[in-house]
Amino acid sequence: MTITLSFPDGRSVPVLGQGTWNMGDDRGRRDEEIATLRAGLDLGLRVVDTAEMYGGGRSERLVGEAIAGRRDEVFLVDKVLPSNASRRGTIEACERSLAALATDRIDLYLLHWPGSHPLSDTIEAFEELVERGLVRSWGVSNFDVDELDAIPRDAALQTDQVLYNPSRRGPEFDLFPALKARGVPAMAYSPIEQGRLLGDAALADVAARHDATVAQIALAWTIRSGDVLAIPKASSVAHVEANAAALDIRLDADDLAAIDRAFPPPRRAQPLEVI
Ligand code: NDP
């Protein structure tokens, strides 16, 4: 059974998707990366996350190639750079991204992190893009609680994509409750901490109990609430298959307690961490 999460606009997606940072950078790995993204789609990992920043468009172009002919299966997430996120710059960035992606629409378009252009201008541009059908919905990324508070309550915000995994639990204290109060799900980036969690002994113990890998336990933990969508990046078919299988792992109270001992939940508010 695949657990899904609903955005405020009613669209549902599986709680596990695919990240693409650094994909497309190495020509020698391109074919395998494309095959990996397609294998992920075959396994139901429909959410594909990219950004104009990644490789200066190389990731978007690779994603475009990977989803060619199967656009309707994909829930495409892209991000505008804060430096481009003026009223007019956001529209132009989106048009460039659509060309790189070789598609006519982005399913969810995010402001990559808070920047210096007035947020109201970025939101107005997002709304124009929605009206023109170039973007289905919009959200933000790397927004902490106070930045989230600056977004009007009646705005059509769909998500805040933030750093979250067992070693980065800060959002549990205040950001996730603030999102929940608005009915907005979070997206967790770097759910395997870019590979740095792979050698963790506590996660390895839990993994052994489930006949699973550390990466799978990190993912199962990250998506455990049903309110958080994780977007691990895999560049081999073996890794994306393992990641999809994490959807079937149910962590029990003992597992969660063991992970809490190794990675204590936050006791006070802390500034949102970023990578
Ligand atoms: P991840 O936490 O997803 O870690 C990626 C690393 O984990 C890679 O080295 C990958 O290896 C490895 N890995 C993946 N699956 C497995 C597996 N089953 N077993 C063992 N190792 C595995 O890091 P990312 O930083 O890439 O984060 C994920 C995505 O989140 C990004 O790709 C990007 O789309 C998004 N992101 C967004 C940010 C934002 O500011 N909004 C910031 C950072 C990321 P291999 O490549 O060899 O498969």
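How far apart do the end C-alpha atoms of residues 16-261 lie, and what share of the span is helix and what share strand? Here are my notes, with that one up front.

1. Start with the overall stretch. This is a predicted model, so read everything below with that in mind. The C-alpha atoms at the two ends of residues 16-261 are 25 Å apart. Helix makes up 41% of that span, and strand 13%. An unreviewed UniProt entry labels residues 16-261 as "domain: NADP-dependent oxidoreductase".

2. Now find the ligand. It has 28 residues around it, and the closest are Gly19, Trp21, Tyr189, Ala215 and Lys233. Sorted by class, this shell holds 11 nonpolar, 14 polar and three charged residues. Helix α9, residues 237-245, supplies the largest share of the shell, with three residues.

3. Stay with α9 for a moment. Which of its residues are buried? They are Val240, Asn243 and Ala244. Look down the helix axis and you'll see these buried residues fall within an arc of 100 degrees, so they line one face of α9. As for what they pack against, the partners are β3 (18-19), α1 (30-42) and α8 (214-222).

4. Next, hop over to His112. The unreviewed UniProt entry puts a "binding site" feature at this residue. You'll find His112 in the loop between β6 (108-111) and α4 (119-131). Is His112 buried or exposed? His112 counts as buried, because it has 20 C-beta neighbours inside 10 Å, and 20 is where the buried class begins. If you skip residues up to four places away in sequence, His112 touches Ala51, Met53, Lys79, Val80, Leu81, Pro82 and Ser141.

5. Last stop, Phe75. This residue sits in strand β5, which covers residues 75-80. Phe75 has 20 C-beta neighbours inside 10 Å, so it counts as buried. Which residues does Phe75 contact once its neighbours within four places in sequence are set aside? The answer is Val13, Arg46, Val47 and Asp107.

6. One distance to try for yourself in the viewer: pick the C-alpha atoms of Phe75 and Phe263. The two residues are 188 residues apart along the chain, and those atoms are separated by 32 Å.

Notes
Residues numbered from 1 in each chain as written. Predicted model: local features only at pLDDT ≥ 70, side-chain atom pairs only at ≥ 80, totals over all residues. Near = placed C-beta within 6 Å. Helix = DSSP H or I, 4+ residues; strand = E, 2+ residues; numbered from the N terminus. Nonpolar A, V, L, I, M, F, W, Y, C, P; charged D, E, K, R; others polar. Buried ≥ 20, exposed ≤ 12 C-beta atoms within 10 Å, placed from the backbone. Arc of directions from axis to C-beta. Contact = placed C-beta atoms within 7 Å. UniProt positions renumbered as here; feature names shortened; annotations may be inferred.
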